[in-house]
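Student: I should like to learn how to read a protein model, one feature at a time. May we look at one together?

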Amino acid sequence: MKLETLDDIKNLITSDTETDNIEFKKTTGQLERGMETLCAFLNGEGGTVLFGVTDEGKIIGQDVAGKTKETIGEAISRLEPSVNVQIFYVPMPDSEKKVIALHVESARMERPFCYRGRPYMRIENVTTLMPQDKYNHLLIQRGGKYGWETMTNPDLKISDLDEHAILGAVRGGIRCGRLPEATIREDLPTILEKFNLLHDGKLNNASAVLFGSNFYYYPQCLLRLARFKGTTKDEFIDNQRITGNIYTLLDAAMAFFFKHLSLSGKIEGLYREEELEIPYKALRECCTNALCHRLYHRPGSSVGIAIYDDRVEIENSGTFPPDITMEKLLSGHNSEPQNQIIANVLYKSEVLESWGRGIGLMISECQRVGLPAPEFHTDGNSVWVIFRYTRKTVGYDPTVTRQSPDSYPTVAPQVEKVLSAIGEQTLSTKEIMGIIGLKDKSNFLELYLYPATRLNLVEPIYPENPKHPRQKYRLTDKGKELLKR
């Protein structure tokens, strides 16, 4: 902003009253109150404080001496964190007096600001002290050492984390070349330190979000899943609430999509490729972003997935980065993760494939199969993405055998994975899950193993005692024949 002439000042004063970004002060004798308002502007969308203007908006100017400039400089130095304040001394015609203007731009990423150690906010044309809960909210949004994910929890112990999930993340990182092979031989504290999850023997909140197994203190690690009948929320077909770490919730989300979105198949070379009504990669990328970039500091927040007959909606708490417009969001942008520690671990473990390309991937995947590009929305508190599609079938049950055009029986892709994993071997549930790459046992049993046993494709070696401590599974003759075909 440039304020060089009296006309510039007059153009700035659009009415005879103060606004949410303009404040009048008769002289710098009111400098302290003016600085409190400037602090409030910094905690909002920016603004200008004018000295030498009456409360009614009349421009009268004031005398400016060397001491005046020195006092203003000292006052600005008491703003925390330090920020650029533009200072203009605009001369009055035919007078030695000047109008002093202090202007600040919006500085969302540095909020909250304080003057003399106290935060202020602007409500219309009134400056007031900022409530503590709002201050804490802005502080957490600032991130860095103040971010929620970096805060340590003295009640959190390494035993509260899922060791299998940690080692699974390490194996994923080694497989994609983002972690050295020696990482798998290190002890858990060393691995957690390298992931920036453990400092001075204390675990931070990010460790629970990523690898937690006990969520008494973290009710926000919640995924809500719903399949509605038709296109409204009037009637449920399926309704679930799952608490868990990011890897568990991502598995659950994708299993829910396979359960409720129809599949179509096509032959590619020697293999049959299954395609969901909405591309798997687009849905997975959207869920990963929702779990990674959401605001976690509100205990009542969650990620929600709703499937209708004509669309899928995925919602999470949070908003887009303040300097990212919707146009820029859709055209390509640098990644600015809300939770840098969480995002870094997901990247290293190959869950996040790349930085800043997720939205482009979602759009291109939908366009590839002739669907509209996903819609992105935010209201400042939540972000939701809508995938629209035309339903091909009435419904999809992963336990039901379907007939392919060539008369061979085909099964859900989850069951196919179980058959391929077992092959000629006899394996435990843990071994089968490890081969497939799953971490959530309940989802594995419900959507993978139990459907395979109900179809008489897989059998337990101790059928009379399903919970036998040495229980393992093998393919039936029917399962072997299907696997060959």
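Tutor: Let us begin with a single residue. At 41% relative accessibility, R33 counts as partly exposed. Please keep in mind throughout that this is a predicted model.

Student: With which residue does R33 form a salt bridge?

Tutor: The partner is E36, and the closest N and O atoms of the two are 2.4 Å apart. Both residues belong to helix α2, where they are three residues apart, which means that about one helical turn separates them. E36 counts as buried, at 13% relative accessibility, whereas R33 is partly exposed at 41%.

Student: Why is E36 called buried?

Tutor: The term applies under 20% relative accessible area. E36 has a value of 13%, so it counts as buried.

Student: How many salt bridges does the structure hold?

Tutor: The structure holds 13 salt bridges. One of them joins R116 to E32, with the closest N and O atoms 2.8 Å apart. R116 lies in the loop between β6 and β7, while E32 lies in helix α2, so this pair ties together parts that are 84 residues apart in sequence. R116 is partly exposed at 48% relative accessibility, and E32 is partly exposed as well, with a relative accessible area of 32%. Salt bridges may also form a network, as they do among E23, K25 and R122.

Student: Let us turn to sheets. How do the strands of a sheet pair?

Tutor: Strands of a sheet pair through backbone hydrogen bonds, in either the parallel or the antiparallel sense. In this structure, four strands form an open sheet in the order β3-β6-β7-β8, and the pairing is antiparallel.

Student: Which strands stand at the edges of this open sheet?

Tutor: They are β3 (79-80) and β8 (126-129). Each has a single partner strand, so one side of each is left without a neighbour in the sheet. Helix α2 (residues 31-42) packs on this sheet and touches β3, β6, β7 and β8. The direction of α2 makes about 75° with that of β7.

Student: How many bridges join β6 to β7?

Tutor: Two bridges join strand β6 (residues 114-115) to strand β7 (residues 118-123), and the two strands run antiparallel. The bridge partner of C114 in β7 is P119.

Student: Where else may I practise reading strand pairing?

Tutor: Consider strand β16, which comprises residues 311-317. Strand β15 (residues 303-307) pairs with β16 in the antiparallel sense over five bridges, and a hairpin of three residues joins β15 to β16. Within this pairing, G304 stands opposite E315 in β16. β16 also pairs with strand β18 (residues 382-388), again in the antiparallel sense, over seven bridges. There, S317 stands opposite S382 in β18.

Student: Is β16 mostly covered or mostly open?

Tutor: β16 is mostly covered, since five of its seven residues are buried. R311 is buried, with a relative accessible area of 13%, whereas E313 is partly exposed at 21%. A salt bridge links E313 and R311, the closest N and O atoms being 2.8 Å apart.

Student: Over which ring does the charged end of R311 sit?

Tutor: The charged end of R311 sits over the ring of Y308, 3.7 Å from its centre. A further example is K69, whose charged end sits over the ring of Y89, 4.8 Å from the centre of that ring.

Student: What describes a pair of aromatic rings?

Tutor: One gives the distance of the centres and the angle of the planes. A search of the whole structure finds eight aromatic pairs. Among them is the pair of F444 and Y448, which is stacked: the centres are 6.0 Å apart and the planes are at 25°.

Student: Where do F444 and Y448 lie along the chain?

Tutor: They lie four residues apart in helix α15 (residues 441-454), so about one helical turn separates them. F444 is buried, with a relative accessible area of 0%, and Y448 is buried at 9%.

Student: Which residues do ring pairs link into a cluster?

Tutor: Ring pairs link W148, Y218 and Y296 into a cluster. You may now find each of these features in the model for yourself.

Conventions:
Residues are numbered from 1 along each chain as its sequence is written. This is a predicted model: local features need pLDDT of at least 70, side-chain atom pairs count only at pLDDT 80 or more; totals for chains, interfaces and linings use all residues. Side-chain values use heavy atoms; hydrogens and water are left out. Buried means under 20% relative accessible area, exposed over 50%, partly exposed in between (1.4 Å probe, protein chains only). Two strands pair if DSSP finds at least two bridges between them. Contact means heavy atoms within 4.5 Å. Axes are lines fitted to C-alpha atoms, for helices over the stretch in contact, and angles run from 0 to 180 degrees between N-to-C directions. Rings of Phe, Tyr and Trp (its six-membered ring) pair if their centres lie within 6.5 Å; planes under 30 degrees apart count as stacked, over 60 as edge-to-face and the rest as tilted. A charge sits over a ring if NZ of Lys or CZ of Arg is within 6 Å of the ring centre and within 35 degrees of the ring normal. A salt bridge is a side-chain nitrogen of Lys or Arg within 4 Å of a carboxyl oxygen of Asp or Glu.
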